[in-house]
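Please open the model in a viewer and keep the sequence panel visible beside it. The tour proceeds by selection, one stop after another.

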Amino acid sequence: MSTPSTMSSRPAPASPPSSGGDLPSRLWRWLGTMVRPLLWLNLAVEIGIVLTGGLVRLTASGLGCPRWPECHEGSITPVVTPADGWHPYIEFGNRTLTGLVGIVALLLILAIIARGGDRRARQLPFAIAVLAGIAVQAILGGITVLTSLHPVTVSAHFLVSMVLVAASAAVLWFDRTADAVTPDPLPRPVNVVAFSTAFLGGVVLLLGTFVTGAGPHSGDADEPARYPWDPQTMSWLHADSVMLFCGLVVAMLLALHLLPQASREARAAWWGVLFVSLAQGAVGYVQYALAVPEALVWLHMLGACLLTWALTWAVLAVRR
């Protein structure tokens, strides 16, 4: 009797994987690894668009594109005449950067979702707020143009930018400190002083926009729009608020160095606030003494962004 032939027990060779079939999932995983670079890029472009906006104002290019959303009637891009000079290009360049800032914010949201983890619940609301704020800024920028650079809309435009810088700094803070050991809570009065300092910092920024809005840099050379206030008086009021702000910062530093449970990160953050504040004060006094030259005003705007960043981290470092 013949025995049936036995079949080989070896498995058949696997078919080669599909090239590119899982490309979307690989891209999604890769995007999840890009959260940290996108966090820094997001903060950088938020500060960068503030500086380009300052360049628009300081070069009197605010109405280089006199229409919105078009630049000129029937054209989304500048239609330049010899009399316009470079003003349309500067204004249009600032408008174009809004698209870049929005793309970076959207990529950051997708990257946070792709990475997942415990940090997502804290970071995602701030990241979404940044993207929503960019849309608000685009609309507010249009209103600013349509109102011929009314100083109220210009001030609001700058202050919303500071909120976006703060939100971008907060997202980055939560990523940097995700694995840090949670320190013991500080006494509630310390937190009250910290938030009071942050509130006063907002007042300082507001008064700063009043100083600029009452000064010589109105944003347009042909149709200057300014606050009807004395620039010298506004400068003094702004300087007084800065002195009070610095006093609260010093009080926070004394408290943090006296309390043993205060973290090293919290002390470093508040020292950073004091350093930026003193540098801002020095720039402010020099620009006042030199009749507000454009370069120092631009540097002062950079300092305002850095102060907002530092103050955000400082308040988050001592939150309960």
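Select Gln-287 to begin: this residue is buried, with a relative accessible area of 12%, where buried means under 20% relative accessible area, exposed over 50% and partly exposed in between, for a 1.4 Å probe and protein chains only. The model is a predicted one, in which local features need pLDDT of at least 70 and side-chain atom pairs count only at pLDDT 80 or more, whereas totals for chains, interfaces and linings use all residues. Residues are numbered from 1 along each chain as its sequence is written, and side-chain values use heavy atoms, with hydrogens and water left out.

**Stop 1: around Gln-287**

Display helix 8, residues 264-289, in which Gln-287 is found. Helices (H or I, at least four residues) and strands (E, at least two) are DSSP runs, numbered from the N terminus. Which residues is Gln-287 in contact with, leaving aside its neighbours within four places in sequence? They are Val-292, Pro-293, Leu-296, Val-297 and His-300; contact means heavy atoms within 4.5 Å.

**Stop 2: the whole chain**

Now show the entire chain as a cartoon. It contains nine helices and zero strands, so the pattern read along the sequence is α-α-α-α-α-α-α-α-α. Of its 320 residues, 44% count as buried. Among contacts with a separation of 6 or more, 76% are between residues 24 or more positions apart. With the surface switched on, the chain exposes about 17300 Å², and carbon and sulfur atoms supply 70% of this area; accessible areas come from the Shrake-Rupley method with a 1.4 Å probe, and for residues only the protein chains shown count as cover.

**Stop 3: helix 2 and its partners**

Two packed helices are described by the angle between their axes and the distance between the axes. Select helix 2 (residues 35-58) together with helix 3 (residues 87-115): they pack at an angle of about 160 degrees, with their axes 9 Å apart. Axes are lines fitted to C-alpha atoms, for helices over the stretch in contact, and angles run from 0 to 180 degrees between N-to-C directions. Helix 2 and helix 3 are therefore roughly antiparallel, since angles under 35 degrees count as roughly parallel, over 145 as roughly antiparallel, 65 to 115 as roughly perpendicular and the rest as oblique. The crossing of this pair is left-handed: the near helix is turned anticlockwise from the far one by less than a right angle, while clockwise would make a crossing right-handed.

Next, replace helix 3 with helix 9 in the selection. The axes of helix 2 and helix 9 come within 10 Å and cross at roughly 150 degrees. Helix 2 is therefore roughly antiparallel to helix 9. Their crossing is right-handed. Show side chains where the two helices meet: helix 2 contributes residues including Trp-40, Leu-43 and Ile-47, and helix 9 contributes residues including Trp-298, Cys-305 and Trp-313.

**Stop 4: Cys-305 and Ala-314**

Centre the view on Cys-305, which is buried with a relative accessible area of 0%. How many disulfides does the structure hold? The number is zero, a disulfide being a pair of cysteine sulfur atoms within 2.5 Å.

Then select Ala-314 in helix 9 (residues 294-317). Ala-314 is buried, with a relative accessible area of 0%. Leaving aside neighbours within four places in sequence, Ala-314 is in contact with Ala-269, Trp-270 and Val-273.

**Stop 5: Gln-137**

Finally, select Gln-137 in helix 4 (residues 120-146). Is Gln-137 buried or exposed? Gln-137 is buried, with a relative accessible area of 10%.
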